[in-house]
Amino acid sequence: MPTKEEIFSKIQAALVEALGVDEDEVTPEATLMGDLGAESIDFLDIIFRLEKAFGVKISQDELTQNDIITNPAYQENRKLNAAGLKALKERIRDGDWATFEKDPSIDKIQSVFTVGTIVNFIEQKLAAK
Amino acid sequence: MRWIWFDRFEEFESGTRAVAVKNVTLAEDHLHDHFPGFPVMPASLLIEGMAQTAGILVGEARGFREKVILAKVQRAVFHEVVRPGQQVRFEARIEQLHDAAAVTRGTIRCGATLVGEVDLVFSHIDQNLGGREFPEENFVFTEEFLALLTTYRQRGTERIPL
């Protein structure tokens with residue numbers, strides 16, 4: 001099992017390539033969309049690069065918590081309700097909630113993701129391997 | 001002019017790799033503007049040729065049931081220009097294939113010369129974009145497209161199921 005630092009370092013390299021950003025911009029707190037300029041389509045690219053770097057299988061639904069955001073009980077008018085937000089917060093650690101909570105539109109869910117979120121996600125995947 | 005940037009498949013290994021060729025000719029209008037007196041095939045159209053070759057490879061891997069859309073040019077590097085009279089050879093390989101998407105690696109050659117390297121990400125759009133819905137009919141691999149594909153069923157492409 002690699003250390004958190006090793007995981008971070010591989011994720012940093014993947015994000016530098018996928019998003020064309022500088023290494024020093026990729027900090028644990030940086031948000032993928034707001035700070036690193038990722039677009040929703042970049043998430044596909046990032047998933048492929050993470051799979052290759054860590055030798056794990058990742059489905060997009062798993063990373064973007066699709067089971068929560070497509071659950072009718074958790075949304076109203078394509079926005080997450082309080083129950084949906086609670087469920088999502090339990091799953092996504094180190095997320096950037098401040099911006100998303102102001103407008104919890106399902107289309108903007110990816111704005112929650114920080115580099116730290118991805119590090120935690122991969123750590124959990126590797127631990128479950 | 002039709003938006004078809006290769007002329008035929010030379011090789012097609014289902015779910016693995018495809019090789020398509022295009023003959024570049026001065027009958028193509030855009031070459032007279034790109035550039036006047038120095039006609040070369042635009043790199044953007046070389047990327048499109050690779051996207052079509054690789055996109056069909058990815059589409060065929062799932063029986064043309066998915067709507068396969070070019071999502072991202074992961075990498076595009078060009079080493080040489082392509083001029084009228086040359087034959088371009090697009091070779092695409094599927095590197096990763098998911099329910100939701102695929103990554104392909106590609107090389108573009110003229111004869112033995114490596115012209116470019118193009119890596120692409122494709123999305124199966126029905127499986128993406130947070131549950132948004134698209135028209136039921138497959139507007140990527142249309143009936144017209146599948147009919148056209150029959151003309152490619154020669155020399156090594158017989159296994160494309162139609």
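A residue is counted as buried here if 20 or more other C-beta atoms lie within 10 Å of its own. The structure on display is a predicted model, and the tour below begins in chain B and ends in chain A.

**First selection: strand β6 of chain B**

Select residues 113–124 of chain B, which form strand β6. Of the 12 residues in this strand, 9 are buried, and β6(B) is thus described as mostly covered.

**Second selection: the neighbours of β6(B)**

Add residues 68–78 of chain B, strand β3, which pairs with β6(B) in the antiparallel sense over 9 bridges. To view one of these positions, display B:Ala76, whose bridge partner in β6(B) is B:Val118.

Next, add residues 101–110 of chain B, strand β5. This strand also runs antiparallel to β6(B), and 10 bridges join the two. Display B:Ala101 to find B:Ser123 of β6(B) standing opposite.

Now follow the chain from β5(B) into β6(B): the two strands form a hairpin with 2 residues between them. In the turn, select B:Gly111, which has a positive phi of about 60°.

**Third selection: helix α2 of chain A**

Move to chain A and select residues 42–54, helix α2. The 13 residues of this helix reach 18 Å from the first C-alpha to the last, close to the 18 Å expected at 1.5 Å a residue. The buried residues of α2(A) include A:Phe43, A:Leu44, A:Ile47 and A:Phe48. Just after the helix, A:Gly55 takes a positive phi of about 65°.

**Fourth selection: helix α1 against α2 in chain A**

Add residues 4–19 of chain A, helix α1. Two packed helices are described by the angle between their axes and the distance between the axes. For α1(A) and α2(A), the angle is about 140° and the axes are 10 Å apart. Their crossing is right-handed.

To inspect the contact, display side chains on both helices. Among the α1(A) residues that meet α2(A) are A:Lys10, A:Ala14 and A:Leu15; on α2(A), the contact includes A:Asp42, A:Ile46 and A:Arg49. By class, the residues of this contact divide into 8 nonpolar, no polar and 5 charged.

**Final selection: where chain A touches chain B**

Display both chains together. Which helix gives the most to the side of chain A that touches chain B? In total, 11 residues of chain A are in contact with 12 residues of chain B. Helix α2(A) gives the most to the chain A side, with 5 residues. That side of chain A has 5 nonpolar, 2 polar and 4 charged residues.

Conventions
Residues numbered from 1 in each chain as written. Chains lettered and ligands numbered in written order. Predicted model: local features only at pLDDT ≥ 70, side-chain atom pairs only at ≥ 80, totals over all residues. Helix = DSSP H or I, 4+ residues; strand = E, 2+ residues; numbered from the N terminus. Pairing = 2+ DSSP bridges. Expected span 1.5 Å × (residues − 1). Contact = placed C-beta atoms within 7 Å. Nonpolar A, V, L, I, M, F, W, Y, C, P; charged D, E, K, R; others polar. Axes fitted to C-alpha atoms, helices over the stretch in contact; angles between N-to-C directions. Left-handed = near helix turned anticlockwise from the far one by under 90°.
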